[in-house]
Amino acid sequence: MKNISLLIKPASSVCNMRCRYCFYADEAANREQASAGMMTKQTAETLIRQAFETVEEHGSVGFTFQGGEPTMAGLDYFRYFVETAARMKRSGVKVQYSIQTNALNLDESWAEFFAAHQFLVGVSLDGEKTIHNQLRLDAAGKDTWNRVTKNLSMLQKKGVEVNVLCVVTSQSAKHGAKIYNNLKKLGMRYLQFIPCLDPLEKERGEMPYSLTPEAYGKFLCTTFDEWYRDLERGDYTSIRLFDDYVHLAMGLPASTCATSGTCGSYFVVEGDGALFPCDFYCLDQWKMGMIGERSLEELAKGEIAAQFQKESLVHPAECEECPWRSLCNGGCKRDRYWDETGVHNYFCPAFRQFFAYAGERLRRVAMASRNGYLRSR
């Protein structure tokens with residue numbers, strides 16, 4: 001395998017926050033064993049060894065840490081992980097580290113560690129203080145905005161490469177322009193906006209934070225206007241979804257499976273070493289095996305991985321006649337649903353609204369960017 005991406009959950013579903021929309025808490029509740037526990041040094045060593053045994057010469061290995069809240073595993077775990085990877089790494093293999101964190105546990109020791117080992121740190125922040133504090137509470141039910149933004153600033157001052165992940169909910173969807181500009185004021189130049197997920201056993205739209213297609217479409221259009229206006233002024237801020245659409249319009253690959261229209265681009269490794277094909281499907285029926293039982297290459301070619309990818313290739317019926325298919329690719333599998341007429345994407349109306357509104361400008365940016373700044377992202 002030329003490139004290997006591992007999304008590692010060193011603290012499983014354990015978290016020091018109680019975000020009202022947390023999709024992983026919901027997944028964990030739908031498993032026989034909610035928490036897989038803290039990852040041991042032995043399990044970490046096994047997955048590192050397997051990654052380097054499997055990757056081809058001059059290939060790359062990406063270690064991404066997520067949760068729950070991955071910092072609950074402690075800084076000593078991460079130090080051990082990086083030291084072990086440095087010891088096991090084969091010459092010519094490129095290693096990349098990243099972490100998605102709520103930032104509550106961070107202090108200067110964490111920041112110095114991230115800077116020293118060139119971690120890309122994604123901080124979860126819902127863009128605006130009132131909205132964030134409504135939905136992203138700590139374990140004691142207290143507000144977290146001030147603590148998170150303080151630690152975000154600390155990371156920036158320490159020279160850590162940081163981006164922000166903002167979950168789009170019914171609350172935040174009404175304030176796309178405000179959230180975008182607010183994050184820019186915090187010094188953020190790399191942003192990810194992802195639509196919130198409803199619980200697995202619930203109908204879409206039933207929760208207080210549920211995002212409707214209409215609201216999501218409006219959010220995308222409003223945010224795009226701000227992004228495009230800045231772009232025309234030569235003030236580029238990366239929004240990953242828009243960057244992906246521009247890349248696809250340029251004939252380049254997208255950076256996420258959701259915009260590529262197919263699953264199977266990475267492995268999830270739970271705290272106990274259990275492997276899954278996707279962060280949105282860490283459920284008992286999709287468990288591929290345990291780290292160390294078989295090689296990563298065998299798992300990637302195994303029955304569960306093949307079935308998971310096969311299902312992702314069944315695109316919504318609406319895609320057949322859609323003029324935007326080459327940009328949308330049917331969206332994320334987790335947003336698809338089945339009824340008596342076939343498979344559909346819940347957010348299809350949002351994407352149609354957005355592409356009808358912004359498609360011509362996206363293509364304009366693509367034409368101007370064939371040899372420009374977006375190619376390097």
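Student: Before anything else, what counts as a salt bridge here?
Tutor: A salt bridge is a side-chain nitrogen of Lys or Arg within 4 Å of a carboxyl oxygen of Asp or Glu. Keep in mind that this is a predicted model.

Student: OK. What does Arg-79 form a salt bridge with?
Tutor: With Asp-76; the closest N and O atoms are 3.4 Å apart. The two residues are about one helical turn from each other, because they sit three residues apart in helix α3.

Student: Buried or exposed, that Asp-76?
Tutor: Asp-76 counts as exposed, at 57% relative accessibility. Arg-79 is partly exposed, with a relative accessible area of 36%.

Student: How many salt bridges in the whole structure?
Tutor: The search finds 20.

Student: What about Lys-184, which residue does that one bridge to?
Tutor: Asp-235, with the closest N and O atoms 2.6 Å apart. This pair links distant parts of the chain: Lys-184 is in helix α7 (residues 176-185), while Asp-235 is in the loop between α8 (213-232) and β7 (238-239), 51 residues apart.

Student: And is Lys-184 buried or exposed?
Tutor: Lys-184 has a relative accessible area of 17%, so it is buried. Asp-235 is partly exposed at 25%.

Student: Which residues are in the network with them?
Tutor: The salt-bridge network links Lys-184, Arg-189, Asp-230, Arg-233 and Asp-235.

Student: Where does Arg-361 come in?
Tutor: Arg-361 forms a salt bridge with Asp-225, and their closest N and O atoms are 3.0 Å apart. Here too the pair links distant parts of the chain, with Arg-361 in helix α14 (residues 348-368) and Asp-225 in helix α8, 136 residues apart. Arg-361 is buried, at a relative accessible area of 15%.

Student: Back to α3. How do α2 and α3 cross?
Tutor: The axes of α2 (residues 41-54) and α3 (residues 75-88) come within 10 Å and cross at roughly 35°. The crossing is right-handed. By class, the contact has nine nonpolar, one polar and four charged residues.

Student: Which residues meet there?
Tutor: On the α2 side they include Leu-47, Ile-48 and Phe-52, and on the α3 side Tyr-77, Tyr-80 and Phe-81 are among them.

Student: Switching to strands. What does β1 pair with, parallel or antiparallel?
Tutor: Strand β1 (residues 3-8) pairs with β2 (residues 60-65) in the parallel sense, over six bridges. Ile-4 stands opposite Val-61 in β2. β1 also pairs in the parallel sense with β8 (residues 267-269), over three bridges. There, Leu-6 has Phe-267 as its bridge partner.

Key
Residues numbered from 1 in each chain as written. Predicted model: local features only at pLDDT ≥ 70, side-chain atom pairs only at ≥ 80, totals over all residues. Heavy atoms only, no water. Pairing = 2+ DSSP bridges. Helix = DSSP H or I, 4+ residues; strand = E, 2+ residues; numbered from the N terminus. Axes fitted to C-alpha atoms, helices over the stretch in contact; angles between N-to-C directions. Left-handed = near helix turned anticlockwise from the far one by under 90°. Contact = heavy atoms within 4.5 Å. Nonpolar A, V, L, I, M, F, W, Y, C, P; charged D, E, K, R; others polar. Buried < 20%, exposed > 50% of the residue type's maximum accessible area, 1.4 Å probe, protein only.
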